[in-house]
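Reader: I'm more at home at the bench than with models. Could you walk me through this one, feature by feature?

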Amino acid sequence: MEKLFMESRELLQSKEFFQKLARNFSSSSGRAGKPIVKWNEVQNWFTTRQQESKVKVPSVTNTYKDESGLPQTCLLNDGDQSCQILKGLVSKVGEKVSDLSKLEFEAKSSTDGAWYDVDMFLSHRVTSSGETEVRVRFVGFGAEEDEWVNIKKAVRGRSIPFEHSECCKVMVGGLVLCLQERRDQSIYYDAHVLEIERKTHDIRGCRCLFFIRYDHDNSEETVRLRRLCRILG
């Protein structure tokens, strides 16, 4: 997105540009099972980014890097505690990256208890209780939806949709991220697997059924694998 922003400023008034980009995002393998990206959401992101480019906003991606491939300094720094937490997320994903901008995170919204992809970390603060919070901007949302979240309890590596061949990795009692589909919206929540009905796979892939209970409201339902994601940290 950042690269496109820098290279395609002359296209920012073109509706076709945003529609094409939204289709590309929606069809990417990394968004399998996730809600379709709307073209006006992409337009809002570029508009907000254009406004912010006039006044540089610090983020965790603006860090110096040492030879180890991890940030040498970190904006989220209260005695290096927050920086170490972010580095821990990197190691849990199992990939040492050159900078945090190449690793995607998700954060839990205090508004509805759902998990959303993080677009950027804006700033940090330490509460009176000594907890570290970061202000995040969620992908597809504007600045008015920015939130302060606890870095230990509400930030983790981005969950990955299960492949059809990975249904055996879903276990009874396990914690998963599940897409809760409602008439007016589809949102990702943490859930625990209560029962599994294993079925023979066919040309369509996994046909197993997973009986889950959502953590936020204790509601229960049976879902297929396409709605489940593996939690990384």
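Author: Happily! Let's begin with strands: two strands pair if DSSP finds at least two bridges between them. Helices (H or I, at least four residues) and strands (E, at least two) are themselves DSSP runs, numbered from the N terminus. This is a predicted model, in which local features need pLDDT of at least 70 and side-chain atom pairs count only at pLDDT 80 or more, while totals for chains, interfaces and linings use all residues. Residues are numbered from 1 along each chain as its sequence is written, and side-chain values use heavy atoms, leaving out hydrogens and water.

Reader: In which sense do β8 and β9 pair, and over how many bridges?

Author: β8 (residues 186-197) and β9 (residues 209-214) pair in the antiparallel sense, with six bridges. There, glutamate 195 is opposite phenylalanine 211 of β9. On to the next strand: β9 also runs antiparallel to β10 (residues 220-223), joined by four bridges. Phenylalanine 211 turns up again here, standing opposite threonine 222 in β10. The hairpin of β9 and β10 has five residues between the strands, and asparagine 218 takes a positive phi near 65 degrees in it.

Reader: How many helices and strands does the protein have?

Author: Four helices and 11 strands. Buried residues (under 20% relative accessible area; exposed is over 50%, partly exposed in between, with a 1.4 Å probe and protein chains only) make up 41% of the 233 residues.

Reader: How should I read the confidence?

Author: pLDDT is the predictor's confidence in each residue, from 0 to 100. The protein has a mean pLDDT of 74, and 55% of its residues reach 70 or more. Over residues 5-10 the pLDDT is below 50, and this stretch has seven contacts (heavy atoms within 4.5 Å) beyond near neighbours in sequence. Residues 89-101 also stay under 50, and the model has 29 contacts for them beyond four places in sequence. Where pLDDT is low, the predicted coordinates should not be read in detail.

Reader: Why does the structure hold zero disulfides?

Author: A disulfide is a covalent bond between the sulfur atoms of two cysteines. Here the test is a pair of cysteine sulfur atoms within 2.5 Å. The sulfur of cysteine 167 has its closest cysteine sulfur in cysteine 206, 4.0 Å away, so it is too far for a bond. For cysteine 168, the closest cysteine sulfur is in cysteine 167, at 5.7 Å, again too far. Cysteine 167 is buried at 8% relative accessible area, whereas cysteine 168 is exposed at 52%.

Reader: And how many salt bridges are there?

Author: A salt bridge is a side-chain nitrogen of Lys or Arg within 4 Å of a carboxyl oxygen of Asp or Glu. By that rule, the count is 14. One of them joins arginine 125 to glutamate 133, with closest N and O atoms 2.8 Å apart. Arginine 125 is partly exposed at 36%, and glutamate 133 is buried at 16%.

Reader: Which parts does the pair of arginine 227 and glutamate 181 tie together?

Author: Their closest N and O atoms are 3.8 Å apart. Arginine 227 lies in the loop between β10 and β11 (228-230) and glutamate 181 in β7 (residues 175-181), so the pair ties together parts 46 residues apart in sequence. Arginine 227 is buried at 8%, while glutamate 181 is partly exposed at 32%. Both belong to a network of salt bridges linking Glu181, Glu221, Arg226 and Arg227.
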